[in-house]
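New to this one? Here is a quick tour of its hollow spaces and of the places where its parts meet.

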Amino acid sequence: MQEIYKENILDHFKHPRNFGPLKGAQASAREVNTICGDEVEVQVKIKAGKIADIKFQGQGCAISQAAASILTEEVKGKNLEGVQRLEKNDVLKMLGIPISPARLKCALLALYATKNAIKQTKDK
Amino acid sequence: MNLAKDFPILKRKFNGKRLVYLDSAATSQKPRQVISALKEFYEKYNANVHRGVYNLSEEATQRYEGARTKIASFIGARAEEIVFTKNCTEALNLLAYSLGKELRGRDEILISQMEHHSNFVPWQQIALERGAKLKFVEITKEGKLNLASLKKQLSKKTKVVALTHVSNVLGTINPIKEIAEIVHKNSGAVLVIDGAQALGHMAVDIKKLGADFYAFSGHKMLGPLGIGCLYGKRELFQKMKPFLYGGKMIKEVSFVGTTFAEPPYKFEAGTQPIAEVVALGAAVDYLNEKGMGKIEESDRKLVSYALKELGKIPEIEIYGPKTAEERGAVIAFNIKGVHSHDVATILDSEGVAMRGGHHCCMPLMSVLKIPGAARASFHIYNTKEDVDAFIRGIRKVREVFK
């Protein structure tokens, strides 16, 4: 019952990790889910091909905010190439909950924002 | 009113629980009678209308025009005052495009803060295109139309006033009769009413309302998808330029020009959704048989009960007028600290189908200063037990997010 709202997800929603502005960020990217008004903005700091620091800000449903919290924890300190290769299924695995097609965009907002932010640092 | 037996879809189960359908403001369910009418048309009468001289085409035409008459008299209009469109949005676009062709630089269009995007974006875009000014009637704190704001903004420059009859978020029933008097007394504007959330829920007598145009959707009044209607006063329809061009809407075509058919045909280019029109006629029969007074009463009881039960839950904020008497069959609300999509997901796991989000009213959401809201909406087939299931679901949301 309520499999999607597991304790872990609710915990990340209520107490998001890596939440807030990132001082000295090299790039940021914002993604919105126009259907429900979720928004996630990710800021990154890159050092030696790795994500040295990452933070997010936003508002929206539990899935979008918990996914951002979990993803930023997961990718901090990781190689950029590896992060750029992350896909839908990787995020779903991190979340560990069943996501219906209607809620998929919520779950993936943070991934899109993170990838776009990294891309910007490369374009610079 | 327990009419669930007439609606085959309500036998479905989700997660082992019976479907409690509380999203009728998005689209209503269809009774067997409407579904049968569609099937019967395709099995017995399918042919294109008007042009055929053979019997089958004549029978199809009779049914099609018979439905037009039925739909027209349902709102107290004449058949030639009803134009068929694909939905309510297209009916409003027809007006925006056709009336928009006559707009000049200093002209003004007046809409309200509570409009659905379908009665907002067409006017906004036409105003931008024609260099006209778009103005907004404000809403009061309790979510009603501010009639003083309406009156204040009317002038000789106002060419179109476009307002909703019932708000799909606030539930507010706007006093159209009073509004029509204000508009016609203080300007030369035509009054356009979006009736999507009103028709099928309350008795509408178009002559008494005094609106110049009235747009509505078939699928929200127990009819099939793909059919909408536009009522318009005949003399206005006659003056207006067509919206879409093509077959059936012409009188005569030559290499140098075209003369157009009389309304309503002038606005019905191409083959219309004939079976859907006939089935919408069946929906009107169904509504008439149940009685609009009784339907209104059933809505009111459900809304009143739901408001009372929701009112017992402290974290809930309800938008719009406080009492069921001032409302259509819609209740939008938020639970503190919970996004409306999470509310909808948890209710879904209880078999309750309802909606979260901005409900195609992003400007209104900004006025209310909320990103979205959860919304329960009712129709003739809903029961007190449905409201109970809904409230149980809401209590579950609180448990999950406590």
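Searching the whole structure, which is a predicted model, turns up 3 cavities of 30 Å³ or more. The two described below are lined by residues of chain B, and a pocket comes up after them. From there we move on to how the two domains of chain B meet, and then to how chain B meets chain A.

**Cavities**

- The largest cavity has a volume of about 60 Å³.
- Which residues line the largest cavity? They are I173(B), H201(B), M202(B), E296(B), D299(B), R300(B), V303(B), A324(B), R327(B), G328(B) and A329(B).
- Sorted by class, that lining comes out as 5 nonpolar, 2 polar and 4 charged residues.
- Both domains of chain B chip in here: domain 1 (4-30 + 291-400) and domain 2 (34-288) each supply at least three residues to the lining of the largest cavity.
- Next comes the second largest cavity, with a volume of about 50 Å³.
- Around the second largest cavity you'll find V49(B), H50(B), Y64(B), K248(B), Y265(B), E268(B), G270(B) and Q272(B).
- The lining of the second largest cavity holds 3 nonpolar, 3 polar and 2 charged residues.

**The second largest pocket**

- For the second largest pocket, the volume is about 300 Å³.
- It is lined by 17 residues, and H165(B), I173(B), N174(B), P175(B) and E325(B) are the closest to its centre.
- One of these, I173(B), has already come up, as it also lines the largest cavity.
- The pocket's lining has 7 nonpolar, 4 polar and 6 charged residues.
- Why does this pocket lie between domain 1 and domain 2 of chain B? Because both domains give residues to its lining.

**How the two domains of chain B meet**

- Chain B is assigned domain 1 (4-30 + 291-400) and domain 2 (34-288). Domain 1 is listed as two stretches of sequence, and domain 2 as one.
- Their C-alpha centres lie 27 Å apart.
- On the domain 1 side, 41 residues are in contact with 36 residues of domain 2.
- Together the two domains of chain B bury about 3000 Å² between them, with carbon and sulfur atoms giving 61% of that area.
- Within domain 1 of chain B, K30(B), M292(B) and L364(B) lose the most area to domain 2, and together they make up 21% of what that side buries.
- How many salt bridges cross this domain interface? The rule finds 1.
- K144(B) and E326(B) form a salt bridge, their closest N and O atoms being 2.6 Å apart. Going by the domain bounds, K144(B) belongs to domain 2 and E326(B) to domain 1.
- There are also 22 residue pairs in polar contact across the interface of the two domains (both at pLDDT 80 or more).

**How chain B meets chain A**

- Where chain B touches chain A, 16 residues of chain B are in contact with 16 residues of chain A.
- The two chains bury about 1300 Å² between them, and 57% of it is on carbon and sulfur atoms.
- Here, too, the rule finds 1 salt bridge across the interface.
- R103(A) and D342(B) bring their side chains together in a salt bridge, at 2.9 Å from N to O.
- D342(B) falls within the bounds of domain 1 of chain B.
- Between chain B and chain A, 6 residue pairs are in polar contact (both at pLDDT 80 or more).

Methods: Residues numbered from 1 in each chain as written. Chains lettered and ligands numbered in written order. Predicted model: local features only at pLDDT ≥ 70, side-chain atom pairs only at ≥ 80, totals over all residues. Heavy atoms only, no water. 1 Å grid on protein atoms, 1.4 Å probe; cavity = no way out; pocket = protein on both sides within 12 Å on 5 of 7 lines; lining within 4 Å. Points joined across faces, edges and corners; volume = space filled by probe spheres on them. Nonpolar A, V, L, I, M, F, W, Y, C, P; charged D, E, K, R; others polar. Domains from an automatic or database assignment. Contact = heavy atoms within 4.5 Å. Buried area = accessible area lost by both parts, 1.4 Å probe. Salt bridge = Lys/Arg side-chain N within 4 Å of Asp/Glu carboxyl O. Polar contact = N/O pair within 3.5 Å; in protein donor to acceptor, adjacent residues only side chain to side chain.
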